[in-house]
Amino acid sequence: MTDTSAIASLIAPTGRLRAAINVGNPVLAHKRADGSGAGVSVDLATRMAAQLGLPLDLQLFEAAAHSVDAVTQGLADVGFFAVDPVRGAGIGFSAPYVLIEGAYMVRSDSALTDNAQVDIAGHEVVVGQGSAYDLYLSRALKNARILRAPTSPAVVDVFLQPSGDVAAGVKVQLQAAVASQPGLRMLPGHFMLIQQAMGLPKTRCDAAIQWLADFVEEAKASGFVAQALAQHQVQGAVVAPAARQ
């Protein structure tokens, strides 16, 4: 077993664990009225800092892309991201700790009834810039055009301007919009299943990345992730299965 103090210095060379938290993902994190962060991601960061014996500094970002940049550039030590090969160029990921559905929303009078009908020339799909949905749909959509909102939480507002034919994002967030706004409906099912994981800058050594991988597996196996989801009354996310050894 690697000495904890040695691993701590590899993961957090400043002596403080700098955790990038994307509060633009309402399923896993949000900003309180006093400006502090809360949610499953914050709980995991707090647990990680305690196990490493380090003080915790939370860095709150409104968009996933900014959180990714902070970790990739070494301005933060750890972050919470949807796994994506583009992000994998600069980030060493753990296995996922939760799975989140990505879904489509349309106007009630839309002719669209199925996810497979979205990718047609002339359709515009609104998505949060730099989000996992943006990265995925940039590869998956061959005919429809992507219209990027500044952040994932802004997708519904941009869609309601009105702009675009389809809104894409976190299923539970879009379902909340359908419940609160007349004239909207969901397309059935999901177009992708987000694997939400933790990650370190890829410049960190293999031992640091392996420690993070083990930390995530323990957090799932011990019930910590499930308890955090329940405590924060998270809907639309489930604990990811154990990683294959």
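**Reading burial and contacts in a predicted chain**

Modeller: Of the 245 residues of the chain, 53% count as buried, where buried means under 20% relative accessible area, exposed over 50%, and partly exposed in between (1.4 Å probe, protein chains only). This is a predicted model, in which local features need pLDDT of at least 70 and side-chain atom pairs count only at pLDDT 80 or more, while totals for chains, interfaces and linings use all residues. Residues are numbered from 1 along each chain as its sequence is written, and side-chain values use heavy atoms, with hydrogens and water left out.

Biologist: Why is the chain as compact as a globular protein of that length?

Modeller: The radius of gyration is taken over C-alpha atoms, and the globule rule is 2.2 Å times the number of residues to the power 0.38. Here the radius is 18 Å, close to the 18 Å from the rule for 245 residues, so the chain is as compact as a globular protein of that length. The C-alpha trace spans about 60 × 35 × 35 Å along its principal axes.

Biologist: What share of contacts join residues at least 24 apart?

Modeller: Contact means heavy atoms within 4.5 Å. Among contacts between residues at least 6 apart in sequence, the share is 72%.

Biologist: Is Lys171 buried or exposed?

Modeller: Lys171 has 17% relative accessibility, so this residue counts as buried. Lys171 lies in helix α6, residues 171-180; helices are DSSP runs (H or I, at least four residues), numbered from the N terminus. Leaving aside neighbours within four places in sequence, Lys171 is in contact with Glu101, Gly102, Ala103, Met186 and Gly189.

Notes. Helix = DSSP H or I, 4+ residues; strand = E, 2+ residues; numbered from the N terminus.
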